[in-house]
Amino acid sequence: MIKNYFKIAWRNLIKNKASSFINIGGLAVGMAVAILIGLWIWDELSYDKYHQNYDSIARVMQNQTVNGEINSLKAMPIPAAYELRHLYGDNFKYVVLSSWTNPHLLSFKDKNISMQGNFMEPEAPQMLGLNMKMGTRNALTDPSSILLSESVAKAIFGNANPLDKILKLDNFNLKVAGIYQDLPSNTSFNNVAFIAPWQLYAQSPDVQQAKDNWNANSFQLFAQIADQKNMAEVSVKIKDIKLRNEDQEGKKANPQIFLFPMNRWHLYAEFKNGVNTEGSIKYIWLFGIIGIFVLMLAAINFMNLSTARSEKRAKEVGIRKAIGSVRGQLIRQFLSESLLVAILAFFLALFLVQLTLPFFNDLTGKQLFILWANPLFWLLGIGFAAINGIFAGSYPAFYLSSFQPVKVLKGAFKVGKTASIPRKVLIVIQFTFSVTMIIGTIVVFKQIQFAKNRPIGYSRLGLLMVRPYSENLHKNFYAIRNELLQTRYITEIAESGNLITRGSKTSGGFNWQGKDPNIAGEFATFAVTPGYGKTVSWQFISGKDFTNSSSADLNGLILNETGVKYMGLKNPVGQILSWDDKKYTVLGVTKDIIVESPYEPVKPTVFYISNEPGILNVRINPQVSASTALSDIEAVYKKYAPGDPFDYQFIDEEYAKKFGDEERIGKLASFFAILAVFISCLGLFGMASFMAEQRTKEIGVRKVLGASVFNLWRLLSKDFVVLVIISLLIATPLSYYFMHSWLQLYTYHSNLAWWIFVLTGLGAISITLLTVSYQSIKAALANPVKSLKAE
């Protein structure tokens with residue numbers, strides 16, 4: 001019997017090729033979208049689960065109150081680690097200090113490569129559960145050792161055994177003590193290509209100065225809680241360790257230490273006023289809902305086309321019931337047809353997914369793939385297709401099997417006007433969802449453009465950053481500067497402690513006359529050399545720039561606008577500030593420079609002269625080509641650092657990365673919105689085709705009576721346009737509510753302009769008319785003699 005069901009189902013598919021193509025094609029696209037989104041969600045939900053101790057690892061963070069607002073900081077002082085070990089040691093299995101992940105130079109013989117890595121304490125490999133291919137996890141107890149990822153070891157040593165080989169990390173000669181498996185892309189440590197001993201890092205002057213300083217929030221601190229300990233309870237125990245040790249100035253920020261579990265790092269990474277709110281989890285929900293709705297759009301097409309053709313199958317139902325078929329058998333027959341469609345659509349969907357995965361991976365920045373050899377995948381896949389088939393076919397099956405055989409066989413059966421209401425409702429649902437997605441996509445891209453157009457306080461055009469890997473560049477900075485300025489390719493060059501597009505260090509201990517005793521006096525600090533302002537082309541509001549390394553400049557500071565407002569100064573130039581008991585004079589005030597997020601307020605910032613090694617900032621002459629200038633810069637660079645790779649980045653490219661997450665979400669949303677509109681239009685085309693076929697006699701009569709092609713086109717199109725207008729009326733307030741809520745997540749955001757809704761509405765109506773016009777005009781141009789003769 002089952003074989004017979006599927007045989008008849010196959011014959012029906014072959015007989016109705018157009019509707020079969022729309023059903024299978026629409027369902028395949030819907031399933032492909034659902035599979036792609038499912039793969040993406042699975043990757044997101046499994047983030048960091050590679051680490052064996054996933055549920056017990058935490059980042060140690062702190063909340064600080066500045067100007068009445070609580071800021072959550074990842075940066076921690078070194079003494080916090082000692083405090084956790086000695087006073088709360090029974091609560092932790094490991095407490096691990098770490099540098100930030102930065103590029104460093106790895107050298108072996110004539111090979112020099114720049115790779116990102118961390119300096120971490122010896123317990124780090126054990127805490128992270130690294131999968132060691134060679135060596136052991138406790139190798140970092142030797143301060144002259146280093147652990148390399150598998151791919152880095154391959155790049156440096158080829159197929160040779162890397163263990164015990166001596167390579168150079170920046171200025172340190174280290175022994176390769178272990179090789180670990182490359183960390184997957186969906187971990188927070190995915191770009192850590194090597195781990196070097198913390199003891200080496202601790203030798204630097206900066207770390208030496210910070211080792212006993214509770215105000216030096218410049219390091220990462222991780223911990224793994226002890227077995228049988230509760231993360232939340234331990235977090236409460238340690239919250240006052242910094243407050244107890246701070247000086248009176250530091251206590252004003254009311255620092256509160258807490259543990260941020262690894263299982264929340266990725267999906268719940270955002271903090272608002274000291275409260276952990278959300279993060280990528282909102283996109284999990286968003287795209288999960290999109291996947292379900294896109295699949296529903298395809299299912300709606302199947303329902304609509306199946307029920308719309310009910311008159312054509314009414315006699316089949318009548319005959320089957322007359323010769324003894326019961327309703328249950330008919331339901332199984334129609335469900336078998338929908339299951340066959342769903343199975344065929346599933347395999348077509350797999351083909352589409354495999355075809356689009358490279359594009360989708362590029363769009364999402366992930367490395368997703370189909371688990372072809374996994375039996376669970378096929379079990380879930382077939383089950384997924386079957387559920388879709390039953391869902392899409394249930395309404396048609398129960399509707400068609402309900403026909404009365406007597407009425408059908410006597411010719412008295414007619415589909416009434418009310419029979420089309422469910423189909424119209426489903427079309428409205430389709431276009432409501434599609435229009436909402438289109439509006440959302442436009443708002444996302446408008447917000448990105450709005451942030452891109454925000455004044456940034458400096459000029460990105462022709463600004464270049466060159467990263468040094470040894471002290472040679474710093475020692476010879478002025479010689480390099482003079483050589484480059486003698487060419488016509490460079491207009492200015494300066495050093496800075498930070499990249500202008502990255503976060504600066506935060507320091508406390510600032511005091512000034514008239515300071516509010518309730519504020520902590522914390523500023524973002526930016527170390528620079530004279531000429532930095534001219535190099536980045538910052539914009540002065542008042543005062544003067546640094547000019548040289550004279551005592552006046554060495555004892556001077558430059559503030560940004562926000563810093564002046566923070567201090568409450570009306571005439572800041574010439575004012576005296578003390579920073580850690582040293583006196584500085586305010587030389588000038590610049591417009592705010594966007595260093596961190598372009599969507600958030602700028603931090604109070606001070607710029608000061610420093611002689612510490614830093615990043616080279618180079619301004620290329622706009623009159624020459626960048627490629628010519630780069631070759632000249634590299635030649636001078638190699639003259640003073642012959643063994644170092646020439647690692648440079650254009651600041652405009654770096655700044656563009658700040659919009660990466662939003663642009664990725666926007667592109668994903670637009671990709672799925674286009675597919676949603678395509679599926680909706682596919683169903684609309686099928687319905688228009690059926691309606692034109694159903695009204696063939698009416699069109700013929702109207703044409704004989706003198707109706708024009710335009711009149712007939714308007715007659716056949718207006719019903720669909722009315723449905724789309726109803727969809728617009730529903731989608732507009734819905735999309736306004738959701739997108740307005742989304743925009744409120746950003747401090748600096750655009751508004752919801754009226755033209756977005758008007759443009760989307762006009763676009764939806766135009767697409768509808770284009771979709772149904774082919775069938776409408778085709779029917780209107782048909783010879784009425786033939787249509788009436790056939791009738």
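The legends below describe close-up views of a predicted model.

**Figure 1. Overview of the predicted chain.** The protein has 791 residues, and 53% of them are buried. Its secondary structure consists of 28 helices and 26 strands. Among contacts with a separation of 6 or more, 79% join residues that lie 24 or more positions apart.

**Figure 2. Packing of helices α26 and α27.** Two packed helices are described by the angle between their axes and the distance between the axes. Helix α26 spans residues 709-743 and helix α27 spans residues 754-781; the angle between them is about 155°, and their axes are 8 Å apart. Angles over 145 degrees count as roughly antiparallel, and α26 and α27 are therefore roughly antiparallel to each other. The crossing of α26 past α27 is right-handed. In their contact, 19 residues are nonpolar and seven are polar, while no charged residue takes part.

**Figure 3. Val443 and its partners from distant sequence.** Val443 belongs to helix α16, which covers residues 421-452. With a relative accessible area of 2%, Val443 is buried. Apart from neighbours within four places in sequence, Val443 is in contact with Met739, Trp742, Leu743, Leu752 and Ile756. Val443 and Tyr736 are 293 residues apart along the chain, yet their C-alpha atoms are separated by 9.7 Å.

**Figure 4. The largest nonpolar core.** In soluble globular proteins, nonpolar side chains tend to be buried together. The largest nonpolar core in this model has 102 residues, and the members that touch the most others are Phe287, Tyr458, Tyr532, Phe607 and Phe672. Helix α2 gives the most to this core, contributing 14 residues. Phe287 touches Ile37, Trp40, Ile665, Leu668, Ala669 and Phe672, with residues up to four places away in sequence left out. A second core, separate from this one, holds 27 residues, including Ala202, Val207, Ala210 and Ile257.

**Figure 5. Asp43, a buried residue of helix α2.** Asp43 lies in helix α2, residues 17-45. The relative accessible area of Asp43 is 11%, under the 20% cut-off, so Asp43 counts as buried. Beyond neighbours within four places in sequence, the contacts of Asp43 are with Asn186, Lys366 and Leu368.

**Figure 6. The buried side of helix α3.** Helix α3 runs over residues 79-87, and its buried residues are Pro79, Ala80, Ala81, Glu83 and Leu84. These buried residues pack against three strands and two helices, listed here with their residue ranges: β1 (57-66), β3 (92-98), β11 (220-225), α7 (205-210) and α9 (241-245).

**Figure 7. Two loop residues with positive phi.** Most residues other than glycine have a negative phi. Asp170 has a positive phi, near 55°. Asp170 sits in the loop between β8 (166-169) and β9 (172-180). At 18% relative accessibility, Asp170 counts as buried. Ser537 also has a positive phi, near 60°. The loop that holds Ser537 lies between α19 (532-536) and β20 (540-543). Ser537 is partly exposed, with a relative accessible area of 31%.

How values were computed
Residues are numbered from 1 along each chain as its sequence is written. This is a predicted model: local features need pLDDT of at least 70, side-chain atom pairs count only at pLDDT 80 or more; totals for chains, interfaces and linings use all residues. Side-chain values use heavy atoms; hydrogens and water are left out. Axes are lines fitted to C-alpha atoms, for helices over the stretch in contact, and angles run from 0 to 180 degrees between N-to-C directions. Helices (H or I, at least four residues) and strands (E, at least two) are DSSP runs, numbered from the N terminus. Angles under 35 degrees count as roughly parallel, over 145 as roughly antiparallel, 65 to 115 as roughly perpendicular and the rest as oblique. A crossing is left-handed if the near helix is turned anticlockwise from the far one by less than a right angle, and right-handed if clockwise. Ala, Val, Leu, Ile, Met, Phe, Trp, Tyr, Cys and Pro count as nonpolar, Asp, Glu, Lys and Arg as charged, and the others, Gly among them, as polar. Buried means under 20% relative accessible area, exposed over 50%, partly exposed in between (1.4 Å probe, protein chains only). Contact means heavy atoms within 4.5 Å. A nonpolar core is a set of buried Ala, Val, Leu, Ile, Met, Phe, Trp, Tyr and Cys residues joined through side-chain atoms within 4.5 Å.
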